[in-house]
Protein chains: 2
Amino acid sequence: MERPGLTPERLTRAGAELADEVGFDEVTISALARRFDVKVPSLYSHLKNSQDLRIRIALFALEELADRVADAVAGRAGRDALAAFADAYREYAREHPGRYAAARLRLGPETAAASAGVRHAQMARAILRGYDLDEPAATHAVRMLGSVFHGYVSLELAGGFEHSAPAAQESWDWIVDSLDSLLRNRSTT
Amino acid sequence: MERPGLTPERLTRAGAELADEVGFDEVTISALARRFDVKVPSLYSHLKNSQDLRIRIALFALEELADRVADAVAGRAGRDALAAFADAYREYAREHPGRYAAARLRLGPETAAASAGVRHAQMARAILRGYDLDEPAATHAVRMLGSVFHGYVSLELAGGFEHSAPAAQESWDWIVDSLDSLLRNRSTT
DNA sequence: GAGTTTGCCTATAACTATTAGGCAGGAGCA
DNA sequence: TGCTCCTGCCTAATAGTTATAGGCAAACTC
């Protein structure tokens, strides 16, 4: 009898793929066991429970997304950086809807503090360095950017813009443009 | 044996209350049956299945929220209307987190078209009348407002602003203010 | 090569969703 | 008042998911 060689990492990765295929809410220990052709209780040697699986997928997605965003904004500044930042989020969500949903999972304070969520916040602040905002405006702006991007992406994923003109891409460009000029207007210089 | 007098409407309302207490995802046919002190299969005379229950709660929440928003913006225009619109959403979400989550349930095209979701879109457009935007800018703006408000509220409900200064209310005011000036700048007049 | 550990297994129990079919009490009619 | 019917909640049964306990054999350790 060949051992499938289960590990928390492999299970997490497979869980992320499963999430993209069937939706994060549909990620279940049972489905994961089926995918590895293994009985359900076998997974409990590697995962505490199904919430543990969800959290692992969330942390994995946060890391992966942070890497992508970091890569996208590297070497850019100002409007360019803002657009790269925004597009990185949107593209990740479109490519990996299940992982994106996972990244929105509510984490406990300790878990959140140890997650790549911290990098996300740092990168958002870095983007804003190009706009010369002082506190508390910079914090407000970070929150606004997070809200717009997350809100737009989740409405788009929910199909909100599917059956109406203009295309989602056009509104996205318009919004990124608007945010750029808004932030420039709010600049202290 | 007294009959509890179940109806789809009573079940929907109780489901909405349950959602606010335990979260929309935790709303279950079983929990609802317990709440009415009735056996689980009894509910199937009134509800097609658990997805049907979810959809009913979603439609109920959309109606209730639309009523609130309509009430809030009545007789207002411009910045005033924008703030009232925004606050109505945020307050509803804070007061009824489960119902708010329900209102974000993905509905089928036919169901969505027959829901109060249509009124929401109309109200957003009405707010923008005060800013003289032409198409397609008006549509872009509707999408942006929806994104910001939904994004902010869902990040706030997820606890994203809990452990950092400044208070969520301050950022909210700053954002509404910023959107107002952004829209005025984009005005055609 | 014996002993130990690891990793997947069977068995079991609880909860949820769903369907089928039964029974009793209230509504309508004589 | 008595009969019938039908509505509304019931019991019974099946299936899927989560979770725990304990077994057994393959794979490391020395």
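1. Starting with the DNA: strand C has 19 residues around it, and the closest are A:Lys39, A:Pro41, B:Ile29, B:Pro41 and B:Asn49 (a residue is near a strand if its C-beta atom, placed from the backbone, lies within 6 Å of it). Keep in mind that this is a predicted model, where local features need pLDDT of at least 70, side-chain atom pairs count only at pLDDT 80 or more, and totals for chains, interfaces and linings use all residues. Residues are numbered from 1 along each chain as its sequence is written, while chains are lettered from A and ligands numbered from 1 in the order in which they are written.

2. Helix H2 (residues 29-35) of chain B supplies the largest share of the surface near strand C, three residues (helices are DSSP runs of H or I, at least four residues, numbered from the N terminus). That surface has 10 nonpolar, seven polar and two charged residues (Ala, Val, Leu, Ile, Met, Phe, Trp, Tyr, Cys and Pro count as nonpolar, Asp, Glu, Lys and Arg as charged, and the others, Gly among them, as polar).

3. The two protein chains each put 26 residues into the A–B contact (C-beta atoms, placed from the backbone, within 7 Å). On the chain A side, H8 (137-157) and H9 (168-185) are the elements giving two or more residues, and H8(A) gives the most, with 11 residues. That side divides into 12 nonpolar, 10 polar and four charged.

4. Within chain B, H1 (residues 8-22) packs on H3 (residues 50-73) at about 80°, axes 9 Å apart (lines fitted to C-alpha atoms over the stretch in contact, angles from 0 to 180 degrees between N-to-C directions). So H1(B) is roughly perpendicular to H3(B) (65 to 115 degrees). The residues of this contact include B:Leu11 and B:Ala16 in H1(B), and B:Ile57 and B:Phe60 in H3(B).

Conventions. Parallel < 35°, antiparallel > 145°, perpendicular 65-115°, else oblique.
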